[in-house]
Amino acid sequence: MITMDLRGRDMITTQEWTREELEAVLKFSKDLKKKTKAGKSPHLLSDKTFFMLFYNTSTRTRASFEAALTELGGHAQFLEPGAMRLGEGESVKDTANTLARYGHGIGIRILEKAVGYVYGRGNQVLRDYAKWSDIPIVNMADDKFHPCQSLTDLMTVQENFPKIQGKKFVFSWAYSRHSRSWCSVQSAILTATRFGMDVTLAHPPGFELDAEIMEWCHQNAHESGGGFSITNDVKDAYSGAHVVYPRSWMSAECSAVGIDKWGEDTEAQLHENYRDWICNSELMDLTNKDAIYMHCLPVFRGEEATDEVVDSPQSVIFDQAENRMHLQKGLLSLIMSDENLL
Ligand code: CP
């Protein structure tokens with residue numbers, strides 16, 4: 001019998017893990033959540049250190065990883081690259097090699113302002129850390145992927161729907177003045193198609209995402225027996241949905257050239273054309289009666305969604321936020337522990 005062993009693995013995108021491996025992470029995390037709720041969170045990472053390099057700001061990711069390590073009996077060390085020698089030109093190679101001598105995992109967030117909003121640059125930095133580090137690298141959001149968020153999203157969907165195969169999962173562009181990266185949407189639709197959901201991506205013209213990742217979503221849906229379609233019709237997308245996940249993201253042209261060249265005002269003006277892409281009760285009325293409203297947060301209230309929706313009984317946003325911690329406890333335990341916990 002072959003036993004699964006996830007120790008030492010990087011988590012840069014869920015797409016590089018098998019479905020069975022992702023299922024193992026989800027199962028282990030749910031079990032840890034139950035134990036935590038019963039006041040019996042085991043110290044699976046005693047004396048272990050997880051370094052967290054934040055090239056960008058964060059509320060949930062930083063707080064949930066720190067809380068996760070506390071509950072696991074280890075330590076999460078917050079590192080700000082601007083306050084490190086990296087800021088003076090020390091290489092990623094030397095930084096990764098050094099941290100690997102002290103700790104047992106490295107989390108990295110790098111996207112948006114930190115890479116001039118040029119698509120792919122942040123992911124490349126993560127790949128460089130992974131090349132030079134012999135301890136696991138965990139993606140805490142780059143410009144392509146946010147795997148800890150998307151696995152958490154899936155865990156939250158599974159908690160709300162015992163059977164998710166064929167359920168309609170809608171990720172919709174939503175109005176905002178802000179320019180946000182593509183990581184959360186791309187990871188969410190990659191994971192949902194992987195697990196057999198009927199996924200609809202809705203956005204106005206000009207907000208197309210990475211063509212290669214769209215191809216992966218089609219392939220995932222084909223293999224899982226789910227579905228994947230893209231529409232510019234927001235009402236059609238919401239009709240009959242079981243899960244709606246409306247969030248703003250930057251346009252394809254902005255992503256291609258970077259915001260300095262494209263212009264913040266040009267991007268904001270483009271968004272103004274689609275102010276009606278706000279998730280409100282009229283759109284929610286089109287969904288299935290058991291539908292849930294999701295958002296990875298932070299949500300721009302009054303832009304991406306009305307307060308009425310964000311604060312409604314259908315909203316599971318704080319369950320999602322809480323599940324970040326449980327999911328990350330499971331993932332880090334499986335990749336950083338000395339023992340194989342599976
Ligand atoms: N969802 C998420 O990654 O939140 P933060 O940006 O606050 O970490």
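**Exercise 1. Find which residues touch the most other members of the largest nonpolar core, and say where this core lies.**

Step 1. In this predicted model, the largest nonpolar core has 84 residues. F169 and Y293 touch the most other members.

Step 2. Look for the main contributor. Helix 14 (residues 317-336) gives the most to this core: seven residues.

Step 3. Place the core. Domain 1 (14-145 + 321-336) and domain 2 (149-317) both give residues to it, so the core lies between them.

Step 4. Now look for another core. One of 20 residues lies apart from the largest. Its members include I12, I110, V125 and I135.

**Exercise 2. List the contacts of F169, leaving aside its neighbours within four places in sequence.**

Step 1. Begin with the lower numbers. F169 is in contact with V157, A188 and A192, among others.

Step 2. Continue along the chain. M197, D198, V199 and T200 are also in contact with F169.

Step 3. Finish the list with V243 and Y245.

Step 4. Turn to ring pairs. They link F169, F171, Y245 and W249 into a cluster.

**Exercise 3. Classify the aromatic pair of F145 and W216, and state what it ties together.**

Step 1. The structure holds eleven aromatic pairs. F145 and W216 form one of them, at 6.4 Å centre to centre.

Step 2. Check the angle. The planes are 10 degrees apart. Planes under 30 degrees apart count as stacked, and this pair is stacked.

Step 3. Locate the residues. F145 lies in the loop between strand 4 (137-142) and helix 5 (147-160), and W216 in helix 7 (residues 211-224), so the pair ties together parts that are 71 residues apart in sequence.

Step 4. Compare burial. F145 is buried, with a relative accessible area of 2%. W216 is partly exposed, at 27%.

**Exercise 4. Classify the pair of F207 and Y274 from its geometry.**

Step 1. The ring centres are 6.1 Å apart.

Step 2. The planes stand at 90 degrees, so the pair is edge-to-face.

Step 3. Locate the residues. F207 is in the loop between strand 6 (198-202) and helix 7. Y274 is in the loop between helix 11 (264-272) and helix 12 (281-284). The pair links distant parts of the chain, 67 residues apart.

Step 4. Check burial. F207 and Y274 are both buried.

**Exercise 5. Identify the charged partners of the rings of F78 and W132.**

Step 1. Start with F78. The charged end of R62 sits over its ring, 3.6 Å from the centre.

Step 2. Move to W132. K93 lies over its face, at 4.4 Å from the ring centre.

Notes: Residues numbered from 1 in each chain as written. Predicted model: local features only at pLDDT ≥ 70, side-chain atom pairs only at ≥ 80, totals over all residues. Heavy atoms only, no water. Core = buried A, V, L, I, M, F, W, Y, C linked by side-chain atoms within 4.5 Å. Buried < 20%, exposed > 50% of the residue type's maximum accessible area, 1.4 Å probe, protein only. Helix = DSSP H or I, 4+ residues; strand = E, 2+ residues; numbered from the N terminus. Domains from an automatic or database assignment. Contact = heavy atoms within 4.5 Å. Phe/Tyr/Trp six-rings, centres within 6.5 Å; stacked < 30°, edge-to-face > 60°. Lys NZ or Arg CZ within 6 Å of the ring centre and 35° of its normal.
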